[in-house]
Amino acid sequence: MSILVIAEHDNSSLKQATLNVVAAAKAIGGDIDVLVAGENCSAVAEAAAKAEGVNKVLVADNAAYGHFLGENLGELVAEVGKGYSHILAAAGTVGKDFMPRVAALLDVAQVSDIMRVESEDTFVRPIYAGNAIATVKSSDSIKVITVRPTAFDPVAGEGGSAAVEQLDVVKDAGLSQFVSEELAKSDRPDLASAGIVVSGGRGMQNGDNFKMLEQVADLMGAAVGASRAAVDAGFVPNDMQVGQTGKIVAPQLYIAVGISGAIQHLAGMSDSKVIVAINKDEEAPIFQVADYGLVADLFEAVPQLEEELKKVL
Amino acid sequence: MKVLVAVKRVIDYNVKVRVKPDNTGVDLANVKMAMNPFCEIAVEEAVRLKEKGVASEIVVVSIGPKAAQEQIRTALALGADRGIHVETDDEVQSLEAAKLLKSVVEKEEPKLVILGKQSIDSDNNQTGQMLAALTGMAQGTFASEVVVEGEKVNVTREVDGGLMTVSLKLPAVVTTDLRLNEPRYASLPNIMKAKKKPLESMSPADLGVDIAPRLSTLKVEAPASRQAGVKVADVAELVDKLKNEAKVI
């Protein structure tokens with residue numbers, strides 16, 4: 001068996017999710033090659049070559065891949081991936097965008113967002129917002145798979161010494177063009193891979209009140225998340241949303257503040273190791289999954305939390 | 001221009017699903033069904049494009065059992081002009097759904113195809129992208145804004161780090177994110193009018209598509225349930241427990 005892992009990166013650094021995907025590839029077994037497609041992405045290729053368990057790094061460096069457009073990446077990966085038994089990518093927005101395109105071009109089904117590998121053709125994935133867990137078996141010759149990064153412990157990012165090979169395949173479908181992007185700037189850790197996440201919901205009442213959570217988060221080195229209600233109400237940008245349709249997180253500690261705990265939110269965080277809920281409604285469904293629940297007004301509890309944390313950290 | 005919208009009948013998003021005791025699937029008997037929320041947003045966007053004079057006709061298509069006609073009627077009540085029902089009682093997976101939709105696209109030749117980004121039952125997030133690949137169209141996935149300009153459509157997409165805008169050649173496929181719009185409610189007169197709108201029915205065989213699934217579901221289980229936690233009296237106790245009991249800070 002041979003596995004092609006598509007690296008997730010921003011053209012300058014390799015994202016940690018790639019190391020989680022390599023771990024999923026290791027669980028399948030076989031030679032693991034990593035494809036780095038991007039523009040001026042040689043630093044990413046070097047980083048990928050150091051990852052544990054990687055056999056070879058293929059680099060497709062071209063302006064056509066600079067913004068990870070699904071049309072171009074889809075054609076490239078379908079072409080390069082033909083010789084492999086498995087093609088894997090992280091189930092982030094980039095992977096979700098181009099991988100189904102790869103699968104359709106290869107005329108195979110895709111297995112989305114796997115959380116466990118049972119065997120080379122059998123995988124476990126959540127359905128119905130994580131309220132059911134399905135074991136599925138693929139009968140296709142090439143398995144196209146997106147991987148839930150939080151479900152696999154990353155391989156070491158240092159110590160490997162894979163060969164780096166340049167590909168001269170350029171696929172520009174000519175269907176789409178990058179226009180602009182608006183990326184949220186933050187010094188806090190990346191939400192999807194943070195060890196601690198502090199999230200706010202509708203109970204925060206407005207965007208300014210999120211500063212309270214940010215102060216607590218900064219004390220703990222945590223990322224800040226939000227429920228859909230908080231995003232829809234315009235308190236915070238959408239890329240902070242945790243849930244079925246936002247980001248899936250599984251930190252060591254998840255602190256839900258003013259979040260009721262709707263099914264769709266739980267889908268994004270219920271695999272967290274320890275869940276804390278702060279909510280004034282003691283009937284809120286979040287308390288059914290919380291390891292530690294505090295029934296209190298968040299506007300009193302959060303500043304107190306900040307004070308208490310200052311004492312112990 | 002003509003807009004094609006694909007809608008799916010799924011379990012209502014508020015329903016807490018139950019896994020069948022024999023682990024063959026989720027119990028759908030006597031459970032409230034509805035249009036997939038992302039598909040509602042797709043219908044709304046098409047209707048808004050028509051209200052702006054950009055779209056001339058909205059065709060709504062659904063693949064599924066007889067009962068899926070309810071969801072087509074709902075879309076018609078919201079403003080779609082006519083419906084196509086690809087009727088089958090078999091399970092249709094993403095790739096096969098995309099192939100069926102490709103056949104419909106070839107017949108109808110829409111300029112824009114709008115789908116939801118994912119259905120809340122299978123959570124696959126695949127069909128739109130697969131349809132785009134099979135038809136050779138551009139794709140604007142996870143759209144939070146759609147602006148048609150001549151022979152192009154500018155789509156603002158919700159990506160991991162924020163927002164990204166792409167310009168796509170028409171015809172194109174767009175999949176909706178939750179932030180694209182707020183769907184309207186169907187009024188009673190419109191629901192009555194929708195009953196008279198045309199609804200064409202066909203089978204996968206009529207479209208020449210083999211819908212045999214490639215993935216077989218071996219079992220479906222309930223997720224591991226979390227152990228019930230404890231309520232703490234105050235913030236000091238909470239911090240103490242996090243530090244000394246859970247050891248996570």
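So, start with E52 and K26 in chain A: their side chains meet in a salt bridge, 2.7 Å from N to O. What I like here is where the two partners sit. E52(A) is in the loop between α2 (42-49) and β3 (56-61) of chain A, while K26(A) belongs to helix α1, residues 16-28 of that chain. They are 26 residues apart, and the pair links distant parts of the chain. Keep in mind that this is a predicted model. Over all chains, the salt bridge count comes to 36. And the general idea is familiar: side chains of opposite charge can pair when their charged atoms come close.

Okay, on to the interface. How many of those salt bridges run between chain B and chain A? The count there is 6. One of the bridges between chains is D107(A) with K99(B), where the closest N and O atoms are 2.7 Å apart. If you count residue pairs in polar contact between the two chains, with both residues at pLDDT 80 or more, you get 49.

Which elements of chain B give two or more residues to the side that touches chain A? There are the helices α3 (94-108), α4 (127-135) and α6 (235-244), plus the strands β7 (138-149), β8 (152-159), β9 (162-169), β12 (215-221) and β13 (230-232). Strand β9(B) gives the most, with 8 residues. By class, that side of chain B has 39 nonpolar, 18 polar and 20 charged residues.

Now the contacts and the area. 77 residues of chain B are in contact with 87 residues of chain A. Between them the chains bury about 6,800 Å², with 55% of it on carbon and sulfur atoms. Within chain B, the residues that lose the most area to chain A are D160(B), R214(B) and R226(B). Together those three make up 11% of what the chain B side buries.

Next, the sheets, and here you'll want to rotate the model. Take the 4-stranded one: an open sheet with antiparallel pairing, in the order β6(A)-β7(A)-β8(A)-β12(B). Its edge strands, each pairing on one side only, are β6 (116-119) of chain A and β12 of chain B. Neighbouring strands are turned by 30 degrees against each other on average, ignoring direction.

Where do the chains join in this sheet? Strand β8 of chain A, residues 132-138, runs antiparallel to β12(B), and 6 bridges hold the pairing. K137(A) is a handy landmark, standing opposite S216(B) in β12(B). K137(A) is also the bridge partner of T122(A). That second pairing involves β7 of chain A, residues 122-127, which pairs with β8(A) in the antiparallel sense over 6 bridges.

Then there's the 10-stranded sheet, also open, but with mixed pairing. Reading across, the order is β11(A)-β9(B)-β8(B)-β7(B)-β10(B)-β6(B)-β1(B)-β4(B)-β5(B)-β11(B). At the edges you find β11 (176-183) of chain A and β11 (199-202) of chain B, each pairing on one side only. The twist from one strand to the next averages 30 degrees.

Inside that sheet, β7(B) pairs with β10 of chain B, residues 172-176, in the parallel sense over 4 bridges. There, G140(B) stands opposite V174(B). Helix α4 of chain A, residues 93-105, packs on the sheet and touches β7 and β8 of chain B. The direction of that helix makes about 95 degrees with that of β7(B). Chain B has a helix to look at here as well: α2, residues 69-78, lies across β1 (2-7), β4 (57-64), β5 (82-87) and β11 of chain B. That one runs at about 165 degrees to β5(B).

Last, two bits of backbone geometry. Most residues other than glycine have a negative phi, and most peptide bonds are trans. Which bond is cis here? The one joining L170(B) and P171(B), with omega about 0 degrees. P171(B) lies in the loop between β9 and β10 of chain B. As for phi, N30(B) has a positive value of about 60 degrees although it is not a glycine. You'll find N30(B) in the loop between β2 (9-11) and β3 (33-35) of chain B.

Key:
Residues are numbered from 1 along each chain as its sequence is written. Chains are lettered from A and ligands numbered from 1 in the order in which they are written. This is a predicted model: local features need pLDDT of at least 70, side-chain atom pairs count only at pLDDT 80 or more; totals for chains, interfaces and linings use all residues. Side-chain values use heavy atoms; hydrogens and water are left out. Contact means heavy atoms within 4.5 Å. Buried area is the accessible area (1.4 Å probe) that two parts lose on being put together, summed over both. A salt bridge is a side-chain nitrogen of Lys or Arg within 4 Å of a carboxyl oxygen of Asp or Glu. A polar contact is a pair of N or O atoms within 3.5 Å; within protein, one must be able to donate a hydrogen and the other to accept it, and residues adjacent in sequence count only if both atoms are side-chain atoms. Ala, Val, Leu, Ile, Met, Phe, Trp, Tyr, Cys and Pro count as nonpolar, Asp, Glu, Lys and Arg as charged, and the others, Gly among them, as polar. Two strands pair if DSSP finds at least two bridges between them. Axes are lines fitted to C-alpha atoms, for helices over the stretch in contact, and angles run from 0 to 180 degrees between N-to-C directions.
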